[in-house]
6 protein chains.
Amino acid sequence: MPVVHIYAWKGFTEQAKKKVIEGVTKVFAELGIPKEAVEIIIHEIPKENWGIGGEPASIKFKDIRTP
Amino acid sequence: MPVVHIYAWKGFTEQAKKKVIEGVTKVFAELGIPKEAVEIIIHEIPKENWGIGGEPASIKFKDIRTP
Amino acid sequence: MPVVHIYAWKGFTEQAKKKVIEGVTKVFAELGIPKEAVEIIIHEIPKENWGIGGEPASIKFKDIRTP
Amino acid sequence: MPVVHIYAWKGFTEQAKKKVIEGVTKVFAELGIPKEAVEIIIHEIPKENWGIGGEPASIKFKDIRTP
Amino acid sequence: MPVVHIYAWKGFTEQAKKKVIEGVTKVFAELGIPKEAVEIIIHEIPKENWGIGGEPASIKFKDIRTP
Amino acid sequence: MPVVHIYAWKGFTEQAKKKVIEGVTKVFAELGIPKEAVEIIIHEIPKENWGIGGEPASIKFKDIRTP
């Protein structure tokens with residue numbers, strides 16, 4: 001506890017994923033939760049499978065890149 | 001708001017994904033929610049990872065195709 | 001197939017929920033998927049549990065209502 | 001993008017929820033993602049509905065409290 | 001690992017929840033995964049929030065009860 | 001009903017997936033739920049996308065294998 005599911009566009013670098021895992025775990029650790037209890041799952045979603053405002057992100061945000 | 005996660009068998013065409021994104025967004029727009037607030041995530045699942053009635057869909061529904 | 005999880009702020013009327021269930025099911029039926037195969041789960045989330053831009057929606061969008 | 005679902009035992013204070021929303025948003029902002037694009041949903045789960053090692057947390061961790 | 005999210009109609013007895021937690025954990029233990037690594041979250045959904053075939057389960061399956 | 005989402009490290013054999021689908025379905029069948037109503041979705045997650053204790057499982061548990 002907690003379990004954290006993160007849904008993001010495909011393409012985060014390995015370094016960015018590590019920062020997400022470290023950073024989110026720290027948020028809970030600062031509330032007094034043991035780090036070992038924090039489980040984080042990153043789901044990478046192709047932009048054509050992600051819709052915003054009725055359009056796929058692959059079209060609507062075709063020039064935006066992931067970190 | 002809302003966030004919609006759609007889990008479906010792998011293999012929807014790009015055209016079918018677009019129709020899903022447009023159509024589901026419209027359902028919420030018709031209730032008065034701004035289109036830009038609707039976020040849709042399509043998760044494509046291999047049929048061997050989807051169980052129904054105790055069997056993988058890759059066996060039980062091996063002849064059914066996605067749109 | 002498909003399974004659809006909808007996450008929305010708490011407070012949709014029973015009528016609005018019915019329209020969501022009918023409308024989203026129809027989107028898939030129009031792609032040739034049997035209506036009986038469409039499963040939809042609506043998750044109602046208190047606005048204080050929903051963060052956007054680093055703030056709870058209960059503060060940031062305190063005057064916006066659900067349909 | 002991203003959408004973050006956090007599953008935790010019921011009972012976080014309003015203050016703890018705010019810290020989670022602020023802190024997790026900041027993790028992504030530091031990677032260059034606009035804060036407004038970060039959507040966070042906190043799901044509070046009764047301990048009797050959360051199993052670890054084959055037992056409900058309401059029994060196994062009955063003396064552990066949420067922040 | 002694994003994390004298991006179970007979505008079911010509201011109303012399972014405490015005894016039924018325990019059996020689900022024990023039973024599902026055992027499935028993974030029999031594959032050689034340590035029991036302590038299995039985390040299970042049961043989400044109870046009101047039948048009016050669950051749609052099948054375009055209708056809420058509260059109408060379509062109004063006489064079916066949970067165990 | 002129910003819908004079960006299982007999140008596990010990538011790499012389960014086809015045989016292991018079948019056992020999971022059969023076994024988890026049986027847990028619900030033993031509570032009196034019709035097998036045909038049990039829907040199971042297995043999500044395979046690369047270990048570098050799974051964080052425990054602030055570290056990716058690809059580093060922390062680099063020698064542990066899936067069944």
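Is D:Glu44 buried, partly exposed or exposed, and what is its relative accessibility? In this predicted model, D:Glu44 has a relative accessibility of 23% and therefore counts as partly exposed, since buried would mean under 20%. Its side chain forms a salt bridge with D:Lys17, the closest N and O atoms lying 3.1 Å apart. The two residues are 27 positions apart in the chain, so this pair links distant parts of chain D, with D:Glu44 in strand S2 (residues 39-45) and D:Lys17 in helix H1.

D:Lys17 also takes part in a contact with another chain, for its side chain meets that of C:Glu48 in a salt bridge (2.9 Å, N to O). This pair crosses between chains, from helix H1 (residues 14-29) of chain D to the loop between strand S2 (39-45) and strand S3 (50-52) of chain C. D:Lys17 counts as buried at 5% relative accessibility, whereas C:Glu48 is partly exposed at 30%.

A salt bridge is also found between A:Glu48 and B:Lys17 (2.9 Å, N to O). Here A:Glu48 is partly exposed, with a relative accessible area of 31%, while B:Lys17 is buried, with 5%. Over all chains, the structure holds 18 salt bridges.

Helices, too, meet across chains. The axes of helix H1 (residues 14-29) of chain E and helix H1 (residues 14-29) of chain F come within 9 Å and cross at roughly 160°, which makes H1(E) roughly antiparallel to H1(F), because angles over 145 degrees count as such. Among the residues that meet there are E:Val20 and E:Phe28 in H1(E), and F:Val20 and F:Phe28 in H1(F). By class, this contact has eight nonpolar, two polar and two charged residues.

Conventions:
Residues are numbered from 1 along each chain as its sequence is written. Chains are lettered from A and ligands numbered from 1 in the order in which they are written. This is a predicted model: local features need pLDDT of at least 70, side-chain atom pairs count only at pLDDT 80 or more; totals for chains, interfaces and linings use all residues. Side-chain values use heavy atoms; hydrogens and water are left out. Axes are lines fitted to C-alpha atoms, for helices over the stretch in contact, and angles run from 0 to 180 degrees between N-to-C directions. Helices (H or I, at least four residues) and strands (E, at least two) are DSSP runs, numbered from the N terminus. Angles under 35 degrees count as roughly parallel, over 145 as roughly antiparallel, 65 to 115 as roughly perpendicular and the rest as oblique. Contact means heavy atoms within 4.5 Å. Ala, Val, Leu, Ile, Met, Phe, Trp, Tyr, Cys and Pro count as nonpolar, Asp, Glu, Lys and Arg as charged, and the others, Gly among them, as polar. A salt bridge is a side-chain nitrogen of Lys or Arg within 4 Å of a carboxyl oxygen of Asp or Glu. Buried means under 20% relative accessible area, exposed over 50%, partly exposed in between (1.4 Å probe, protein chains only).
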